[in-house]
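Grab a coffee and work through these exercises with the model open beside you. Each one has a task, then a solution you can follow step by step.

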Amino acid sequence: MAGRFAPRPTRTTVRGGEVVVPAGVPRQMARTAGRVRTWVPDGPLDLGLVLGPLRRGPGDPTFRTTPDGSVWRACLTPAGPGTLRVSAHGTQVRGEAWGPGADWLLDQLPDLLGASDDPSLFAPRHRIVALARHRRPGLRLTRSGLVLESLIPSVLEQKVTTDEAYRAWRLLVRKFGEPAPGPVPGRMWVMPPPRTWALIPSWEWHRAGVDDKRASTILRAVRVAARLEQAAGMEPGAARARLELVPGVGPWTSAETVQRSHGAPDEVTVGDLHLPGIVGWALAGDRDADDSVMLSLLEPYAGQRHRAARLILLSGRVPPRRAPKMPRGDIGRW
């Protein structure tokens, strides 16, 4: 019944990682078959909630959902480009992959779907959090195992509207990435490798609406790409410390990255424009809460603060707007 009457996605719940996956009947693709792996989760699993944080906007060229209930991802893995199709068949999940990175993607499938996450460790302390958890029992924290895949779009999202960041990611991946392998739905691309990012001309960053500060941060990151990818095998705190050695990568960016690459349940995002006010409003009726107040309110969830913040976002409860939205800029038109 909780799932039947779950609220419809809003801008806030989408930010919490909610992606609508059509409730169709999974069917076999009529084209080239890939390598296949099946996996049975130990509890409820909602593909849209688990994989939703990996999508960077509705036009993300590396992420698709299809009417048959499948989720598609195009990734640059350590073994090369790969495409993964994930679909649910009753209590079983089926992964099918293509390309040089197919084996790597299938090896990582359980972690990608939250196998390394333990939701039973979470104990709701507020009614709104308990209700959000009850309505979405299939929430697991994904662990992609890929650092740059989450770091670069997180840098693009620094101090701009989400629409601007999503547009920049879409334009750059489509122009400098490569077509995803396999029988993908529509047009999908794999993000560029580090060397290609490093060779993007300055005017192309400008045309995509990316200012010099964010572009320079990405260029510094891709020069040490191998060292950053090694952080996937570290504990989240140590991984964040390594990421923050790159000038331009601060606590906000490192948290947004390890939440996806590590499935880190306690790495809450600080330095965000909206999150402290949303958490403060939901838990204490304080729309003017800052980072210190937010962290104090989330203290009862120590060890699971990121999960608590996601559930608050998924509740859809936000303070009434008092000011116009942040204006969208486009330096590519200058």
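**Exercise 1: an arginine and its partners**

Task: Find the side chains that make polar contacts with the side chain of Arg-56, then work out whether Arg-56 is buried or exposed.

Solution. Start with Glu-157: its side chain makes a polar contact with the side chain of Arg-56, at 2.8 Å. Next comes Ser-154, whose side chain makes a polar contact with that of Arg-56 at 3.5 Å. Keep in mind that this is a predicted model.

Now place the residue in the chain. Arg-56 sits in the loop that runs between α2 (47-51) and β2 (63-65). Skip the neighbours within four places in sequence, and the contacts of Arg-56 are Ser-150, Pro-153, Ser-154, Glu-157, Tyr-166, Trp-169 and Arg-260.

Last step: accessibility. Buried means under 20% relative accessible area. Arg-56 has 4% relative accessibility, so it counts as buried.

**Exercise 2: two helices side by side**

Task: Work out how α6 is oriented relative to α10, and list the residues that meet.

Solution. Take the axes first. Helix α6 (residues 148-156) and helix α10 (residues 212-223) have axes that come within 9 Å and cross at roughly 165°. Angles over 145 degrees count as roughly antiparallel, so that is how α6 lies relative to α10. The crossing is right-handed.

Then look at who touches whom. From α6 you have Leu-151, Ile-152, Val-155 and Leu-156, and they meet Arg-214, Thr-217, Ile-218, Ala-221 and Val-222 of α10. Sort the residues in this contact by class and you get seven nonpolar, one polar and one charged. The spacing of such residues has a simple background: an α-helix has 3.6 residues a turn, so residues three or four places apart point the same way.

**Exercise 3: another pair, another angle**

Task: Do the analysis for α12 and α13, and say which orientation class the pair falls in.

Solution. The axes of helix α12 (residues 236-243) and helix α13 (residues 251-261) come within 9 Å, crossing at roughly 135°. That angle makes α12 oblique to α13. As for handedness, α12 and α13 cross in a right-handed way.

On the α12 side, the residues in the contact are Pro-236, Ala-239, Arg-240 and Leu-243; on the α13 side, they are Pro-251, Ser-254, Ala-255, Thr-257 and Val-258. The class count for this contact is six nonpolar, two polar and one charged.

**Exercise 4: a helix and the loop after it**

Task: Decide how enclosed α14 is, then trace what the side chain of Asp-290 does in the loop that follows.

Solution. Count buried residues first. Eight of the 10 residues of α14 are buried, so this helix is largely enclosed by the rest of the structure. Among them are Leu-275, Ile-278 and Leu-283.

Move on down the chain. Just after α14, Gly-285 takes a positive phi of about 70°. Asp-290 lies in the loop between α14 (275-284) and α15 (291-297), and it is partly exposed, with a relative accessible area of 39%.

Now follow the side chain of Asp-290. It makes a polar contact with the side chain of Ser-292 at 2.7 Å, and one of its polar atoms lies 3.0 Å from the backbone nitrogen of Val-293. To finish, check back to the helix: the C-alpha atoms of Asp-290 and Gly-280 are 8.1 Å apart, with those positions 10 residues apart along the chain counted as their separation.

Methods. Residues numbered from 1 in each chain as written. Predicted model: local features only at pLDDT ≥ 70, side-chain atom pairs only at ≥ 80, totals over all residues. Heavy atoms only, no water. Axes fitted to C-alpha atoms, helices over the stretch in contact; angles between N-to-C directions. Helix = DSSP H or I, 4+ residues; strand = E, 2+ residues; numbered from the N terminus. Parallel < 35°, antiparallel > 145°, perpendicular 65-115°, else oblique. Left-handed = near helix turned anticlockwise from the far one by under 90°. Contact = heavy atoms within 4.5 Å. Nonpolar A, V, L, I, M, F, W, Y, C, P; charged D, E, K, R; others polar. Buried < 20%, exposed > 50% of the residue type's maximum accessible area, 1.4 Å probe, protein only. Polar contact = N/O pair within 3.5 Å; in protein donor to acceptor, adjacent residues only side chain to side chain.
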